[in-house]
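This report considers the salt bridges of a predicted model, followed by the setting of one of its helices. The sequence and structure are shown below.

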Amino acid sequence: MPEPDLALLVQAARQSGDIAKRYFQQNPDVTDKPHGAGPVTAADLAVNAMLENFLQAERPEYGWLSEETEDNAARLKTQRQFIIDPIDGTRAFIEGSNDWAHSLAVTENGIPVAAAVYLPMRDMMFAAEIGGGATLNGAVISASDPQIDDATILGARPNFDARFWKGGTLPPVKRAFRSSLAYRLCLAAEGSFDGMITLRPSWEWDIAAGALIVQEAGATISDQHGAPLRFNNTHPQVPGVLAAGPRLHGDLLARLEPSAPKA
């Protein structure tokens, strides 16, 4: 009998870490992707090749969507899909920071059902399956939900420009930042920070795994307009992400300017 999807993702994430660590801080071979899509390293490609071979061999009927694989519309006709970012936070990887992650999810009918986000340099394995809660290294984690005046939100500086907020009034929160979107979602899930926001169109592979983890930890997650996130879209992006405890999420959403341009 095949092992559950979550166990498969955790195994694959650990194998990804073993590969990536061999490249880390070894003057990574960096190439800039076309159309300003950002850098890619030999480590990204090596991890992606292993994941594609391993996971597709285990679940050949699943669709495949990865940052480092040319997209194929065949995934749109599958019931379940792998949505993968071999290294989320490639710039952090290049700079020698520890804040990069492997982000692996399985989605079904647009909804993540299993997820693993692994930070090998911190040995942090975040995991979740739908209806089963979220864990960090096997221990149950829960999101916080403070009053907005006491909240610290993860997000890049442009998200806190006055033009994105009603009346030009910034929310009374403290701001912090980490390079990886998947890691930001997981930090909100474990309550180290109280939420995360990005007002840029977000690639599915950056957020699919973290979205399930933060949701299973008890937070609310939506796009920047408050709509539920859906995955395996024809164009695999969603319009921004807001994740926080239910009360804080509602407060932040009410303060956002719905007609503001993208960050």
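## A salt bridge within helix H6

A salt bridge links the side chains of Arg 255 and Asp 251, with an N to O distance of 2.7 Å. Both residues belong to helix H6 (residues 246-255), where they stand 4 residues apart and are thus separated by about one helical turn. An α-helix has 3.6 residues a turn, so residues three or four places apart point the same way.

Each partner is partly exposed: Arg 255 has a relative accessible area of 29%, and the value for Asp 251 is 25%.

## A network of shared partners

Through salt bridges that share partners, Asp 5, Arg 59, Arg 80 and Glu 108 are joined into one network. Within this group, Glu 108 pairs with Arg 80, and their closest N and O atoms are 2.9 Å apart. Glu 108 is part of strand S5 (residues 101-108) and Arg 80 is part of strand S4 (residues 80-88), so this salt bridge ties together parts that are 28 residues apart in sequence.

The two partners fall into separate accessibility classes. Glu 108 is buried, at 18% relative accessibility, because buried means under 20% relative accessible area. Arg 80 is partly exposed, with a relative accessible area of 24%.

## A further pair and the overall count

Asp 161 and Arg 163 also form a salt bridge, in which the closest N and O atoms lie 3.7 Å apart. Asp 161 is partly exposed, at a relative accessible area of 36%. Arg 163 is likewise partly exposed, with 43% relative accessibility.

How many salt bridges does a search of the whole structure find? The search finds 8.

## Helix H2 and its surroundings

Helix H2 (residues 42-58) has 17 residues, which at 1.5 Å a residue should span 24 Å. The end C-alpha atoms of H2 are 24 Å apart, in agreement with that expectation. At the start of H2, the backbone nitrogen of Ala 43 has a side-chain oxygen of Thr 41 within 3.1 Å.

Which residues of H2 are buried? They are Ala 43, Asp 44, Val 47, Asn 48, Met 50, Leu 51, Phe 54 and Leu 55. These buried residues pack against two other helices, H1 (5-23) and H3 (90-95), and against strands S2 (39-41), S3 (63-66), S4 and S5. Strands S4 and S5 are also the elements that hold Arg 80 and Glu 108, respectively.

Methods
Residues are numbered from 1 along each chain as its sequence is written. This is a predicted model: local features need pLDDT of at least 70, side-chain atom pairs count only at pLDDT 80 or more; totals for chains, interfaces and linings use all residues. Side-chain values use heavy atoms; hydrogens and water are left out. A salt bridge is a side-chain nitrogen of Lys or Arg within 4 Å of a carboxyl oxygen of Asp or Glu. Buried means under 20% relative accessible area, exposed over 50%, partly exposed in between (1.4 Å probe, protein chains only). The expected span of a helix is 1.5 Å times one less than its number of residues. Contact means heavy atoms within 4.5 Å. A polar contact is a pair of N or O atoms within 3.5 Å; within protein, one must be able to donate a hydrogen and the other to accept it, and residues adjacent in sequence count only if both atoms are side-chain atoms.
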